[in-house]
Amino acid sequence: MNKLFPFVFFLSMAIQVFASIDTIAVDVGISVFKTMPIGVVPFTEPSGTSLDWPDEKPHEVAERDLNLSGRFEIISVPKFDLVKLSRARAKFYVTGKIEKALNNKIKIDCFLYATQSKDLILAESYTVSLMDFRKAVHQFIDKVIYQLWGVHGVASTKLAWVSKIDGVKQIVVADYDGFHRRQLTFDSTISMMPVWSHDNERIIFVSFRNNKPQLYIKDVATGTQKRLFKKFEQTFSPAVNPKTGEILFSAISGGKTDLYVGDPETQQSRRLSFLKSSQTSPSWSPNSSEIIFTSDRGGSPQIYVMNSDGTDMRRMTFMGRYNERASWAPTGDRIVYTSMDDGKMNIYTCAIDGSDIVQLTSNSGNNERPSWSPDGMLIAFSSNRSGSNQIYIMRRDGSNVTRITQGGDNTAPTWSWYPIENQTKQKEGKE
Amino acid sequence: MKSIYALLIAGCVVIGLTACSKKKEPVVDPVVKETPAEAVAPEQSKVNEDSLAALERERLEAERLEAARKKLQEMMDRLMSEDVYFDFDRSELTEEAKTLLIQVGEVLNQEPRFTITVEGHTDARGTEDYNLTLGSARSTKVKEFLSAYGIAAERMETISFGEEKPKQAGESEEAFAKNRRANFRVNVK
């Protein structure tokens with residue numbers, strides 16, 4: 001028996017090794033990303049009067065932003081505490097001061113301090129109405145992230161998604177944390193698949209108002225809208241070019257679905273794929289030189305990549321029978337996509353050559369429609385893990401899953417772009 | 001002289017009335033057009049007999065139209081209640097589907113005024129995007145089959161609804177199977 005033991009042991013090891021090749025070995029929800037500890041101290045409020053904060057207090061908004069950013073570990077202290085902050089290795093802390101201002105407004109001073117030296121690293125002052133204070137805190141946290149990480153944060157960005165209102169799918173827009181939600185479409189027919197125009201001022205979406213799927217573009221502020229690419233009867237799956245604002249989309253023509261690229265201003269479009277199979281769900285690479293998309297040419301939906309002129313097509317996913325809706329990280333290094341296994345949808349990422357597959361969600365209902373944050377740090381998605389469809393945000397490694405919608409039925413989130421000024425700044429920084 | 005005028009006026013009124021009634025009749029049946037010509041031929045002495053005969057003819061005609069309309073409605077209802085079912089993630093027609101489509105083709109052959117819209121659907125599994133392409137592939141397969149059966153392609157339109165219009169709610173395999181379908185909407189030319 002003693003002699004046999006090592007043999008049995010090695011045999012079982014070998015079996016395990018083979019087993020792990022067959023399945024995708026993953027650690028779900030364990031972060032491999034190194035976060036930075038940061039202290040948050042409640043903002044001082046004017047003495048005597050208490051302010052009626054709408055949802056959360058300013059330091060709570062700051063904590064939420066810092067946590068959602070995926071970059072920090074929050075060290076929350078009721079007041080400045082050198083020992084506690086130092087022990088938690090929080091080299092910096094955020095705090096602020098609230099004062100009453102004229103015309104029913106408040107003045108929010110926000111500070112970023114170095115814990116040990118108490119040096120003031122960053123200070124911003126905002127005078128806003130009480131209803132708009134979240135916006136001020138979002139802006140400050142984005143400045144903190146730029147200060148400490150050298151990249152723009154996403155606390156001031158927005159999300160669009162599909163919400164069932166009175167049983168009908170409508171497009172809604174909101175702050176990225178789910179607050180300040182606003183309904184954008186009011187049709188009696190289905191609206192879905194929202195994406196943001198390059199200037200974040202309009203939403204491109206699919207409407208069934210003519211009893212077939214057709215692309216529309218609607219101004220978020222004014223509500224004016226028009227149909228896009230009218231020469232096609234059925235259009236869907238819009239994707240906006242990160243450089244030019246051109247729109248990639250699927251159109252059904254002659255009984256098959258193919259990819260087209262068009263200009264929303266001139267309405268001109270040209271065909272990109274010429275296969276016998278159906279192509280859908282296109283997405284641009286960050287420099288818009290390549291396109292990833294789904295094709296069923298191999299008999300089941302798989303992800304392919306090609307140059308943006310339609311040449312040099314090659315297959316990217318080989319694992320599993322159903323891989324769909326790939327989307328290229330703004331950082332360029334990873335692809336996020338949805339895979340169906342045993343009837344359940346889950347979110348995966350892989351390297352741009354299809355290798356290094358990581359499963360981000362598992363054993364928690366259907367998880368679908370991943371959308372990258374503009375900094376490539378986070379992924380918004382919808383899941384029915386709670387029993388109803390809701391929107392979640394997680395870190396790009398699948399950790400730090402945070403639900404941002406509560407009631408109702410919410411699906412298909414799409415992250416806005418950086419504000420135009422940050423888009424150019426980021427570009428200048430690289431050059 | 002006055003009586004001739006009166007007759008003429010009466011004649012005009014009859015023409016006018018029949019013209020009106022012609023408008024009200026359903027345009028669907030071409031036979032209807034012949035009736036006014038017969039009705040407008042009143043002769044002085046036979047007015048009573050003729051009007052009685054005309055009434056009788058109208059009654060028969062109305063009955064015949066009603067029967068035709070009923071038959072048409074039945075055919076339309078039959079077409080619209082027939083769904084073609086598919087296997088998961090497949091757009092190929094099953095043997096059952098083909099048998100059904102031959103019957104559909106037969107109805108379309110009998111009634112050349114029918115044009116149809118073939119709506120393709122999927123079950124709730126999978127992405128909305130891919131399901132729109134799958135719904136399109138299903139409706140296209142149906143159209144191609146009917147086309148091969150001899151139905152003119154111009155009489156058939158295809159639309160994909162993807163997973164957006166399930167026939168049966170729920171996550172059961174039974175509901176999924178019911179929702180993987182193509183159905184027909186009928187328009188009369």
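Here are four short exercises, with worked solutions, on the predicted model shown above.

**Exercise 1. A helix pair in chain A**

Work out how helix H2 (residues 58-68) of chain A packs against helix H4 (residues 133-149) of chain A.

*Solution.* Start with the axes: those of H2(A) and H4(A) come within 9 Å and cross at roughly 45°. Angles from 65 to 115 degrees would count as roughly perpendicular and those under 35 as roughly parallel, so H2(A) is oblique to H4(A). Next, take the hand, which is right-handed for this crossing. Then list who takes part. H2(A) brings A:Pro58, A:Val61, A:Ala62, A:Arg64, A:Asp65 and A:Leu66, while H4(A) brings A:Phe133, A:Arg134, A:Val137, A:His138 and A:Ile141. Finally, sort these residues by class: 7 are nonpolar, 1 is polar and 3 are charged.

**Exercise 2. A helix pair in chain B**

Describe in the same steps the packing of helix H4 (residues 95-110) of chain B and helix H5 (residues 128-149) of chain B.

*Solution.* The axes of H4(B) and H5(B) lie 10 Å apart, at an angle of about 55°. This angle makes H4(B) oblique to H5(B). The crossing is right-handed. On the H4(B) side you will find B:Lys98, B:Leu101, B:Ile102, B:Val104, B:Gly105, B:Glu106, B:Leu108 and B:Asn109, and they meet B:Val142, B:Phe145, B:Leu146 and B:Tyr149 of H5(B). Sorted by class, the contact has 8 nonpolar, 2 polar and 2 charged residues.

**Exercise 3. A hairpin**

Find how strand E25 (residues 367-372) of chain A pairs with strand E26 (residues 378-383) of chain A, and whether E25(A) is mostly covered or open.

*Solution.* Look at the pairing to begin with: E25(A) and E26(A) run antiparallel and are joined by 4 bridges. For a landmark, A:Asn367 stands opposite A:Ser383 in E26(A). Now move to the turn, where 5 residues sit between the strands and A:Gly376 has a positive phi near 75°. As for cover, 5 of the 6 residues of E25(A) are buried, which leaves this strand mostly covered.

**Exercise 4. Two positive phi values**

Place A:Asn211 and A:Asp342, both non-glycine residues with positive phi, and decide how exposed each one is.

*Solution.* Take A:Asn211, whose phi is near 65°. A:Asn211 is in the loop between strand E10 (202-207) and strand E11 (214-219) of chain A. Its relative accessible area is 27%, so A:Asn211 is partly exposed. Turn to A:Asp342, with phi near 55°. A:Asp342 belongs to the loop between strand E22 (334-341) and strand E23 (344-351) of chain A. With a relative accessible area of 77%, A:Asp342 is exposed, since the cut-off for that class is over 50%.

Conventions:
Residues are numbered from 1 along each chain as its sequence is written. Chains are lettered from A and ligands numbered from 1 in the order in which they are written. This is a predicted model: local features need pLDDT of at least 70, side-chain atom pairs count only at pLDDT 80 or more; totals for chains, interfaces and linings use all residues. Side-chain values use heavy atoms; hydrogens and water are left out. Axes are lines fitted to C-alpha atoms, for helices over the stretch in contact, and angles run from 0 to 180 degrees between N-to-C directions. Angles under 35 degrees count as roughly parallel, over 145 as roughly antiparallel, 65 to 115 as roughly perpendicular and the rest as oblique. A crossing is left-handed if the near helix is turned anticlockwise from the far one by less than a right angle, and right-handed if clockwise. Contact means heavy atoms within 4.5 Å. Ala, Val, Leu, Ile, Met, Phe, Trp, Tyr, Cys and Pro count as nonpolar, Asp, Glu, Lys and Arg as charged, and the others, Gly among them, as polar. Buried means under 20% relative accessible area, exposed over 50%, partly exposed in between (1.4 Å probe, protein chains only). Two strands pair if DSSP finds at least two bridges between them.
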